[in-house]
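Student: Hi! I'm new to this one, could you walk me through it?
Tutor: Happy to, let's bring it up.

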Amino acid sequence: MNRPIRAVAVLGSGVMGSRIAAHFAGIGVQVLLLDIAPKELLPAELEKGLKLESKEVRNRIVNRDWATTLKSKPSAVFTKEVAARVRTGNFEDDFSKLADVDWIIEVVIENLNIKKSVFEKVDQVRKKGTLVTSNTSGIPIHLMAEGRSEDFKQHFCGTHFFNPPRYLRLLEIIPAPDTAPEVISFLMDYGDRFLGKTTVLCKDTPAFIANRVGVFGFMAVFHAMQELGLNVDEVDLLTGTVMGRPKSATFRTGDVVGLDTLVHVARGLFESVPNDEARSLFKLPDFLEKMVANKWLGDKTGQGFYKKTDKKAAGGKKSEILTLNLESLEYEPKRKSKFATLETAKPIDDLKQRLNVLYAGKDKSGDFYRLFHHLLFAYVSHRIPEIADELYKIDDGLKAGFGWEIGAFETWDALGVAKVLEAMKSAGNEPAVWVQEMLDAGHVSFYKTQDGQRLFYDIQAKDYRPIPGLSKFIILENYKDKTVWRNSACRLVDIGDDVLALSWNTKMNAVGGEVLEGVMKSVALAEAKYKGLVIANGSDKFSAGANVGLIFMFAAEQEYDELDFAVRQFQQTTMRLRYSAVPVVVAPHGMTLGGGCEMCLHADAVQAAAETYIGLVELGVGLIPGGGGTKELALRASDRNIKEDVELNYLQQLFINIGTAKVATSAHEAFDMSLLRKGVDGISMNPDRRVADAKRKVLALYESGYTQPLQRTDIKVQGRSGLGPILAGTHGMWRAGYISDYDRFIAEKLAYVMCGGDLSQPTLVSEQYLLDLEREAFLSLSGQRKTLERLQSILQSGKPLRN
């Protein structure tokens with residue numbers, strides 16, 4: 001369906017409306033953001049002599065909301081330039097402008113009568129064929145279009161975004177009775193390709209899919225907590241990253257989302273699903289009723305399940321996070337909890353293995369995991385076919401809308417369907433009949449992989465079918481049977497069309513000796529009989545950088561020959577990427593720091609997910625980028641085809657980016673930082689598409705007649721003419737107290753390398769010349785006491801190098 005979306009109107013500028021507008025603007029669409037005009041003046045407006053007819057007043061609400069969104073953290077926009085694509089207005093003065101847009105998205109208050117009133121006005125001004133959708137989280141879609149024109153009905157449906165739209169990838173598409181099939185197909189595709197969403201086609205049932213099951217998950221946790229006598233701190237300890245959920249776990253997530261939102265959905269479900277076998281769990285527990293009555297709604301009111309004490313009120317002491325005692329409803333200091341099962345499971349990197357340990361636990365935490373999962377599994381089994389005909393839709397909704405690493409049915413598979421089913425029956429948690437029928441027919445899991453395809457068990461067909469739409473993605477985990485080579489860290493697979501793909505699985509996907517071996521081997525194999533190579537990783541990040549533990553070990557034991565060898569090996573590996581005989585495309589996503597960034601810098605092209613947080617962060621531990629990163633930014637400064645005086649400003653900016661360990665907050669910002677190159681590198685809005693997009697880029701480079709590049713010997717470095725202004729700036733920062741003596745010392749080392757050393761005039765040098773300077777500076781810094789202290793601190797924290 002050829003339907004270009006050049007302009008979108010968003011009706012309602014609240015938290016969701018403004019953030020939806022920001023997301024569309026972020027992908028290059030012009031946005032008209034409207035809200036109501038105020039009915040009375042504020043005291044400040046009266047003082048200015050303004051009237052209700054003044055444009056400043058009439059657009060006050062929408063402009064305030066949009067300004068709040070632009071200041072929000074984490075940022076709702078990819079770059080600050082996004083603001084220029086959004087025009088603001090009000091329903092009275094600017095409603096006629098809806099005739100000029102291609103898609104109208106309603107995001108007003110959750111009230112059916114108000115929504116119908118808005119749609120009546122929309123129907124009068126929209127041009128035929130314009131898409132109209134509602135972002136409702138639960139109002140029945142079929143009621144909203146009643147009384148509207150035939151064309152309106154054909155182009156109307158629900159599009160439920162999750163907050164914040166930039167970061168939560170779920171977009172539920174809910175057809176109305178008269179929605180044209182081609183409209184649904186278009187929205188499913190547009191949401192995926194352009195908005196970067198996991199689009200899930202839903203039935204028009206209460207709370208649709210994700211909120212129906214996700215909110216049940218919250219209520220099941222509350223139930224299990226009360227039955228087992230657990231407290232808030234214990235539950236958040238048990239329900240965070242250890243079980244594949246966001247680190248905000250249960251109660252912290254409730255505070256962030258807002259308890260009013262959670263309560264609104266839960267109450268709505270209790271009232272609208274009288275035949276739900278687990279309806280009683282949607283009844284609010286007493287503590288939640290009292291919290292809502294007290295307006296303890298979470299972050300938006302300053303207190304919820306947690307409360308941050310005020311520094312002054314605490315007698316000038318450090319602020320403290322207090323936890324609500326759900327029995328006394330008093331805030332108390334955080335309780336330290338420890339469970340033997342949890343301590344056993346934490347060191348296990350593989351989530352599915354970890355879940356098995358948690359489920360089998362013999363202590364109270366094990367009781368919790370069993371009770372919760374039995375409730376969850378029974379519930380999702382009964383929701384088919386009520387809310388979805390296909391089970392994968394429920395899993396997609398939970399992963400994309402609630403941040404679960406694996407969905408409910410995937411978790412059941414990991415624990416063993418038959419084993420858990422028997423335990424559920426023994427505990428009185430009876431699942432739907434079709435689960436036993438599936439097992440009786442010899443089907444032992446809800447999913448399986450066959451010939452690189454992900455299959456799901458179809459309840460109606462009573463057999464496995466491919467998950468629709470996955471053919472456009474390349475999920476490397478599904479290509480294990482296409483393995484060409486592997487070591488204990490890496491796997492190289494054939495992804496078709498004579499293209500290889502390398503991935504690795506280490507702690508935080510850090511780059512160590514085995515990964516470097518994998519890269520070198522992959523390039524060699526690709527050169528032997530393939531067209532090119534893609535480098536990409538799974539999990540939630542590309543790479544946290546080089547193996548800090550190895551660097552610390554060599555430096556602490558003064559094994560400088562070993563460290564020198566390791567740095568040379570890293571440099572040789574990145575240069576092998578740059579000067580291979582076949583095209584190499586790196587497809588990063590999420591955290592892409594240090595050595596991970598350096599791999600990207602040396603690829604023929606990068607195909608980054610929009611949410612790629614990339615940067616050279618080594619200065620944070622007292623080092624400089626030593627895998628070719630410092631050399632590469634000096635090279636890019638040299639290639640900047642501008643006047644020499646401006647070139648020095650550009651060089652200084654690149655120096656500052658490394659010197660402050662700056663990380664791009666999106667792939668879009670990475671272009672501004674020269675970590676990605678315009679016209680060469682690309683962005684995949686949907687991270688699931690990046691490997692397929694990278695493969696296409698490899699093939700395009702190959703078909704265009706790719707030839708092995710020659711190593712550069714024409715890099716113009718500035719020598720003393722560059723060192724002067726950079727060192728002057730560094731000295732000023734030091735004198736002003738912004739950086740320490742040691743930070744200044746490291747910065748001078750970095751400047752020395754980026755300027756090519758103490759040369760009397762600008763000079764042309766080779767890449768190897770800069771690599772040698774880079775390695776020497778890295779080695780000299782690695783033996784410094786303060787660098788060792790910083791490295792040790794990073795290792796003890798278990799966190800990645802980053803600013």
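**Cysteines first**

Tutor: The sulfur of cysteine 490 lies 15 Å from the closest cysteine sulfur, in cysteine 600, which is too far for a bond; a disulfide needs a pair of cysteine sulfur atoms within 2.5 Å. This is a predicted model, where local features need pLDDT of at least 70, side-chain atom pairs count only at pLDDT 80 or more, and totals for chains, interfaces and linings use all residues. Residues are numbered from 1 along each chain as its sequence is written, and side-chain values use heavy atoms, with hydrogens and water left out.

Student: Is cysteine 490 buried or exposed?
Tutor: Cysteine 490 is buried, at 2% relative accessibility (buried is under 20% relative accessible area, exposed over 50%, partly exposed in between, with a 1.4 Å probe and protein chains only).

Student: How many disulfides does the count come to?
Tutor: Zero. Cysteine 202 is in none, and the nearest cysteine sulfur, that of cysteine 157, is 11 Å away. Cysteine 202 is buried too, at 5% relative accessibility.

Student: New topic: where does aspartate 65 lie?
Tutor: In helix α4, residues 60-71 (helices are DSSP runs of H or I, at least four residues, numbered from the N terminus). Aspartate 65 is buried, with a relative accessible area of 15%.

Student: What is aspartate 65 in contact with, leaving aside its neighbours within four places in sequence?
Tutor: Ser13, Gly14, Ser18 and Asp35, where contact means heavy atoms within 4.5 Å.

Conventions
Helices (H or I, at least four residues) and strands (E, at least two) are DSSP runs, numbered from the N terminus.
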